[in-house]
Amino acid sequence: MTPPSLDDDLQDAVLAALGTEHAAIWCYGLVSAYLPTVSAADLAATAQAHRERRDAVVALLARRGVTAPPAAAAYRPPSPVTDATSAATLAIVAEDDVAAAWRAVAERTSADEDAELRHLALDAVTAATTTSVVWRRVAGRSPLVPAFPGAGAGA
Amino acid sequence: MVAVESPAADAAPTPGTPRRTVLRGAGTVALLAGLAGLAGVGCARAPEGPDELEAPLAAARADVATAAAAVAAFSDLADRLTPLADARRAHAEALAAEIRRARPERAPAVDAAPAAPAAPPASAAAAVTALRGSLAAARDGAGALALTTEPHRCGLLISVAAACAGYVTVLA
């Protein structure tokens, strides 16, 4: 049996979240060379978590008859990556994008019909928050944790 | 945000707009859900008993009190614990505001329940360990509630759970 299709608003939010996962995977490929103080294994695990969530979303969309768009060939960081601080800053942006997009997904889900998406959203926002503690430390940011991850700047 | 490099931007969200657009949309959904929630009071949700958000509210207030007691006893914890206390205070305010909005009759209970002052911790390490434990419990509690609640509350609870998880990491 094919699960019912997602309503347009929720599907748009899921596609936006998938886009942030693609972007995060790309960003980790770029920043890893600039973060010598962070273990390669930790970086690989972080990127792998984004890949697994990307794959889960692609599979979920496929079950609903939606072909997920592929990643873009390249992304444009908001500022150049030249050292550890700017690399960590880009990783923070990528994780904040992921958190915001997934919180937006969560707000469009029904507890009964979209349980898998809610689980993914909770995991995504939580992982983005715990992961970016490391990047905020490297970049010298304070606080290390936003009060409302995913709710946007100033929240 | 991280923008897609053009010219591939056609199929993907346009640089500079997605998050704001998404958040504006989220506000609309929250408003509609809120109106639906108001209309549904008395049938969809039990009108009696505590609101489901009163537990995470109490947890947030307790963490503020615990952090304050720890900083009062061990001032060198201030740098680590003050941002945490600020975040948990913000959580308490947001949760209380949502309860007052959805369940006005619970406002007296929400407003009249200051957290009990926390006992001074035996040591700085004991204070951090205790807070890490209560934050982990708050993370799990808010996360579990996020999976079952109404859509407009789900986002708030996910943010609360994620922030608690973040501070568990900070205190590790």
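These legends walk through several close-up views of a predicted two-chain model.

Residues count from 1 along each chain as its sequence is written, while chains are lettered from A and ligands numbered from 1 in the order in which they are written. Since the model is predicted, local features need pLDDT of at least 70 and side-chain atom pairs count only at pLDDT 80 or more, whereas totals for chains, interfaces and linings use all residues.

**View 1. Chain A as a whole: four helices and one strand.**
Follow chain A along its sequence and you meet the pattern α-α-β-α-α. Helices here are DSSP runs of H or I with at least four residues, strands are runs of E with at least two, and both are numbered from the N terminus. The C-alpha atoms fit a box of roughly 50 × 30 × 25 Å along the principal axes. The radius of gyration of chain A is 16 Å, which agrees with the value near 15 Å for a compact globule of 155 residues. That radius is taken over C-alpha atoms, and the globule rule is 2.2 Å times the number of residues to the power 0.38. Buried residues make up 50% of the 155 in chain A. A residue is buried if 20 or more other C-beta atoms lie within 10 Å of its own, exposed if 12 or fewer, and partly exposed in between, with C-beta atoms placed from the backbone.

**View 2. The stretch of chain A with a UniProt label.**
An unreviewed UniProt entry lists residues 13-151 of chain A as "domain: DUF4439". UniProt positions are given in the numbering used here, feature names are shortened, and annotations may be inferred rather than shown by experiment. Over this stretch the chain is 65% helix and 1% strand, and the end C-alpha atoms sit 14 Å apart.

**View 3. Where chain A meets chain B.**
Here 47 residues of chain A are in contact with 40 residues of chain B; contact means that the C-beta atoms, placed from the backbone, lie within 7 Å. On the chain A side, H1 (8-31), S1 (75-76), H3 (84-106) and H4 (115-139) each supply at least two residues. H4(A) gives the most, with ten residues. Sorted by class, this side of chain A has 30 nonpolar, ten polar and seven charged residues. For that sorting, Ala, Val, Leu, Ile, Met, Phe, Trp, Tyr, Cys and Pro count as nonpolar, Asp, Glu, Lys and Arg as charged, and the others, Gly among them, as polar.

**View 4. Two strands pair across the chains.**
S1(A) and S1(B), the latter at residues 3-4, run antiparallel and are joined by two bridges. Strands pair if DSSP finds at least two bridges between them. Look for Tyr75(A), whose bridge partner in S1(B) is Val4(B).

**View 5. A loop residue and a cis bond in chain A.**
Thr37(A) lies in the loop between H1 and H2 (40-63) of chain A. Thr37(A) is exposed because it has 9 other C-beta atoms within 10 Å. Not counting residues up to four places away in sequence, Thr37(A) touches Ala84(A) and Val138(A). Ala84(A) is 47 residues away along the chain, yet its C-alpha atom is 8.5 Å from that of Thr37(A). Elsewhere, the peptide bond from Ser142(A) to Pro143(A) is cis, with omega near -5°, and Pro143(A) is in the segment after H4.

**View 6. Helix H3 of chain B.**
Chain B has six helices and one strand, in the order β-α-α-α-α-α-α. The 25 residues of H3(B) should span 36 Å at 1.5 Å a residue, and the end C-alpha atoms are 35 Å apart, which agrees. The expected span is 1.5 Å times one less than the number of residues. Buried residues of H3(B) include Leu84(B), His91(B) and Ile99(B). Arg101(B), also in H3(B), counts as partly exposed, with 13 C-beta neighbours inside 10 Å.

**View 7. Helix H6 of chain B and its residue Leu157(B).**
H6(B) is largely enclosed by the rest of the structure, as 19 of its 20 residues are buried. Leu157(B), in this helix, is buried, with 26 C-beta neighbours inside 10 Å. Leaving aside neighbours within four places in sequence, its contacts are Ala142(B), Leu145(B), Ala146(B) and Thr149(B). Gly143(B) is 14 residues from Leu157(B) in sequence and 6.6 Å away, C-alpha to C-alpha.

How values were computed
Contact = placed C-beta atoms within 7 Å.
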